[in-house]
Amino acid sequence: MAFPNPSTVSIGLKAAAHVGIAVSDLDRSVAFYQALLGTEPVVRDESMHGAGFAQSQGLPTTKLRYATFNLDNLGIDLIQFQEPVGDVAQVAANRPGSMHLCFQVDDVRSVFDRMREAGFEFLGQPYTFAAGEVNPPDAVGTEVAYFNDPDGTNLEIIAPKGGFSRE
C-alpha cells in the first residue's frame, strides 16, 4: 500500500468528531460506558444497514446497532455489527493496529480508587513518570492507569503534565 508523501501533501485535519469502537454486545457495552462516563448515551439502539453503506466500509453487506456517548470534546460510538459479525480482535498495547482511548482526569489515584471500588479492573497499578523515563522532560509527573472495556479495547486515564498536557 502506497502512502502520500507528507513533504508534498498536507490535508490539514484539525478536529476529531468521534471514535468508533466495535463491540460484541451493545447492551453490555452501553452499561459499561454509562457507568464509566456517568451519563446516558445521546442515542441508543439505533441502526444502519444497506449495500451502499456496506461498500463504504469495504464489506459485502452490513447491518449494525449503535449507541453514542458525547464527551465535552469527543463522541464515542459503540457499534455492534450484526451482519457480518466480525472476529474478536487480539488487541494489546504493543500490537500494531491496536488503539487506545484516553480520558483526562485531575487525579489518577482518586479516580483509580473510585473505579476499583465500583468493580472496574485495571491492568496494573497507576504509574507516575519519573525523571529519565520520559521525553520531553517536562512530562515528568504525568500519572497514568490502564484498563480494558468488555471487548478488550485499551482504555487509559491520565493526569498529564508538561509535554503530555494539551494546555
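A residue counts as buried under 20% relative accessible area, as exposed over 50%, and as partly exposed in between. This scale is used at several stops of the tour, which runs through a predicted model.

**Whole chain**

Begin with the entire protein chain displayed as a cartoon. Its secondary structure amounts to 3 helices and 8 strands, arranged along the sequence as β-α-β-α-β-β-β-α-β-β-β. Taken along the principal axes, the C-alpha atoms fill a box of roughly 55 × 50 × 30 Å. Of the 167 residues, 31% count as buried. The accessible surface comes to about 11000 Å², and carbon and sulfur atoms contribute 50% of that area. Among contacts with a separation of 6 or more, 52% are between residues 24 or more positions apart.

**Stop 1: the segment before S1**

Select Val 9, Ile 11 and Leu 13 and switch to a surface representation. These residues make a nonpolar surface patch of about 360 Å². Val 9 is located in the segment before strand S1 (18–22). Its relative accessibility is 37%, so Val 9 counts as partly exposed.

**Stop 2: salt bridges around S2 and S3**

The salt bridges come next; the count for the model is 5. Select Arg 65 and Asp 45 and show their side chains. They meet in a salt bridge with an N to O distance of 2.5 Å. Because Arg 65 belongs to strand S3 (residues 63–70) and Asp 45 to strand S2 (residues 43–49), the pair ties together parts that are 20 residues apart in sequence. Which of the categories defined above applies to each partner? Asp 45, at 45% relative accessibility, counts as partly exposed, whereas Arg 65, at 14%, counts as buried.

Now add Asp 27 to the selection. Asp 27, Asp 45 and Arg 65 are linked in a network of salt bridges.

Move to Arg 44, whose side chain forms a salt bridge with that of Glu 40 at 3.8 Å, N to O. Arg 44 has a relative accessible area of 41% and is therefore partly exposed.

**Stop 3: helix H3**

Select residues 108–118, which form helix H3, and display Arg 109 and Asp 113 within it. The two are 4 residues apart, about one turn of the helix. They form a salt bridge in which the closest N and O atoms are 3.6 Å apart. Asp 113 is partly exposed at 32% relative accessibility, and Arg 109 is likewise partly exposed, with a relative accessible area of 36%.

**Stop 4: strands S5 and S8**

Select strand S5 (residues 100–104) and colour its two faces separately. Leu 101 and Phe 103 make up the covered face, while His 100, Cys 102 and Gln 104 make up the uncovered one. Next add S8: the two strands run parallel and are joined by 5 bridges. As a landmark for this pairing, Gln 104 stands opposite Ile 158 in S8.

Finish on Asn 154, which is in strand S8 (residues 154–159). With a relative accessible area of 10%, Asn 154 is buried. What does the side chain of Asn 154 meet in a polar contact? Its partner is the side chain of Asn 148, at 3.1 Å. Expanding the selection around Asn 154, and leaving aside residues up to four places away in sequence, shows that Asn 154 touches Val 91, Ala 92, Ala 93, Ser 98, Met 99, His 100, Leu 101, Phe 147 and Asn 148. Among these neighbours, Leu 101 is on the covered face of S5 and His 100 on the uncovered one.

Note on methods. Residues are numbered from 1 along each chain as its sequence is written. This is a predicted model: local features need pLDDT of at least 70, side-chain atom pairs count only at pLDDT 80 or more; totals for chains, interfaces and linings use all residues. Side-chain values use heavy atoms; hydrogens and water are left out. Patches are made of residues with over 30% relative accessible area and no salt bridge: like charges are joined within 9 Å, nonpolar side chains (Val, Leu, Ile, Met, Phe, Trp, Tyr) within 5 Å. Accessible areas come from the Shrake-Rupley method with a 1.4 Å probe; for residues, only the protein chains shown count as cover. A salt bridge is a side-chain nitrogen of Lys or Arg within 4 Å of a carboxyl oxygen of Asp or Glu. Buried means under 20% relative accessible area, exposed over 50%, partly exposed in between (1.4 Å probe, protein chains only). A polar contact is a pair of N or O atoms within 3.5 Å; within protein, one must be able to donate a hydrogen and the other to accept it, and residues adjacent in sequence count only if both atoms are side-chain atoms. Contact means heavy atoms within 4.5 Å. Two strands pair if DSSP finds at least two bridges between them.
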